[in-house]
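I opened this structure to see how its strands are paired and which residues are enclosed. These are my notes, in the sequence in which I looked things up.

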Amino acid sequence: MDLEITAEDSTFFCEDGDENGLLNGSSSDEAESTSEPRSGNDRPNMLSEFASEFYSGGSDYSSLMGNKKKNGLFVQKNLLQMWGIEKSGAADSSESRVSMENRKRKKSENEKEQWAVFGLNQKEFEKGKKPAIVQSRSCPFYKKIPGTPFTVDAFRYGAIEGCSAYFLSHFHYDHYGGLSKRWCHGPIYCTSITARLLNICLSVNKRYICALELDKEYEIEGVKVMLIEANHCPGAALIHLRLRDGRTYLHTGDFRASKSMQSHPILLSYHVNVLYLDTTYCNPKYRFPSKEEVIDFVVRTTRKYLQKQPKTLIVVGAYSIGKERVYLAISQSLQILPIYTDASRRRILESFGWSELSGRFSNSRHSSPLHVLPLSFLGLENLNKYLETLNQRFNAVLAFRPTGWTFSEATGSKLDMIKPTSRGNVTIFGVPYSEHSSFNELRDFVKFLRPEKIIPTVNASSSGSRDKMQALFNNWLKS
Ligand SMILES: [Zn+2]
């Protein structure tokens, strides 16, 4: 079945939201030549060449097709239908069901958060008080940095009063949502990889994009600013701020804390007063192995399957930004070349400027033994059909779904306990490759920084959840 979603609702389809929210498409050339941004009503009728590629190239964002009848809505299409493999109406019911469930879950999460988004307190919201103006949402407090004219990842609220510098921590939809070629509310500060993605994927006008180098301190509006590698997706950064009055803030955006962060000179030099923390897995039940251990498991498993059945197609699921190290490790360790992925993902990968990616990708599905496909596509039924389309070049599929959410409590950090699901010649492993900190990594990072105040930025919409996290923080800082 087709699902109708708005661009903002597109986070239903992946863990990190991702870049489905392309409200319009214009070529970057056009954006460069436009001296004044267009008004909000000026929605282009035609998609640019690249945006068209984005929609039709076969990755997760490509399955969102503009719906001419309902202005501004996208329709989730079955990828097999788009590729002409399956007739309309014969969608993979299990995949659709999963999407529906995700949609319901996200909807209820969104409802819980409304009180904060609308600037009400939780009691007011629960009593049924409605915000005065529901059309224009106000920026939640945790996105504003007090004592500065800065906001972080706050692009859905239009122009924010008092804000003259808009920081973007990384290029995932739930952080950049609201940005488009029409952005005109002020400069956007980000890393150079994120800056390139804003331009090539969203056609944000270059005059608003301010790329900052990692590990270099800048002075912006009287505040010393440094971006630090966040160990999340390419281009993701921690934002370190030193105010004139001596206060120091650290905003983690999304990050995976690591031991090496604890030797970063600026984190060693200045005491952090306020920490804005990515608390995605701030619960003791979230223990999972390091990225390196998971990559080692994926490579070992792939080697074993290929020894048993050399004509096995290897598939790795990925968002369009993130999880690159998983398929690169398979390719590099087992000399598997080329890697197939669609044109839009290839263009994104090229924009990273990583030398190890160069010459590794192909546009031929039939000649590549390693395919990178959208995570949302990796179901047994889809992959069985996909295998059939490859004209017997392969006779089995081994697929990996690398996401922190596949972690099960029973498995803990023992990777060899992971049981794949399989049907016919298709085997799928869910592997806990997380680009967010595990509970222990969060704890160690907080104990290292010893901030005076911690503001959680994820799972912070209910007072119960905030209280639980605060109790954990207090405990960590006591010992
Ligand atoms: Zn993210």
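I began with the hairpin made by E19 and E20, which has 2 residues between its strands, and I noted that Gly424 in the turn has a positive phi of about 60°. Strands here are DSSP runs (E, at least two residues), helices are DSSP runs of H or I with at least four residues, and both are numbered from the N terminus. The model is a predicted one, in which local features need pLDDT of at least 70 and side-chain atom pairs count only at pLDDT 80 or more, while totals for chains, interfaces and linings use all residues. Residue numbers start from 1 along each chain as its sequence is written.

I then looked up the pairing within this hairpin, where strand E19 (residues 421-423) and E20 run antiparallel and are joined by 3 bridges; two strands pair if DSSP finds at least two bridges between them. Thr421 has Ile428 as its bridge partner in E20.

E20 also pairs with strand E18 (residues 396-402), in the parallel sense and over 6 bridges. In that pairing I found Gly430 of E20 as the bridge partner of Arg401.

Is E20 enclosed or open? I found 5 of the 6 residues of E20 (residues 426-431) buried, so the strand is largely enclosed by the rest of the structure. A residue is called buried if 20 or more other C-beta atoms lie within 10 Å of its own, exposed if 12 or fewer do, and partly exposed in between, with C-beta atoms placed from the backbone.

Next I turned to the loop between H12 and E18, where Phe394 is found. Phe394 counts as buried because 20 other C-beta atoms lie within 10 Å. Its C-alpha atom is separated by 5.9 Å from that of Leu313, although the two residues are 81 apart along the chain. Leaving aside neighbours within four places in sequence, I listed the contacts of Phe394 as Lys311, Thr312, Leu313 and Leu387, a contact meaning that the C-beta atoms, placed from the backbone, lie within 7 Å.

Helix H12 (residues 380-388) has Asn382, Leu383 and Tyr386 as its buried residues. Seen down the axis of H12, these buried residues fall within an arc of 90°, so they line one face of the helix; the arc is that of the directions from the helix axis to the C-beta atoms. I set beside this the general point that an α-helix has 3.6 residues a turn, so residues three or four places apart point the same way.

Another loop that I checked lies between strand E14 (312-318) and helix H10 (324-333), and it holds Gly322. Gly322 counts as buried because it has 25 C-beta neighbours inside 10 Å. Between Gly322 and Glu435 I noted 8.0 Å, C-alpha to C-alpha, with their positions 113 residues apart in sequence.

Last, I followed an open sheet of 6 strands with mixed pairing, in the order E9-E10-E11-E12-E13-E21. Its edge strands, E9 and strand E21 (453-456), each pair on one side only.

Strand E9 (residues 218-220) and strand E10 (residues 223-229) run antiparallel, joined by 3 bridges, and Ile220 stands opposite Val223 in E10. Their hairpin has 2 residues between the strands, and Glu221 takes a positive phi near 50° there. E10 and strand E11 (residues 237-242) also run antiparallel, over 6 bridges, with Leu238 in E11 as the bridge partner of Ile228.

Conventions. Two residues are in contact if their C-beta atoms, placed from the backbone, lie within 7 Å.
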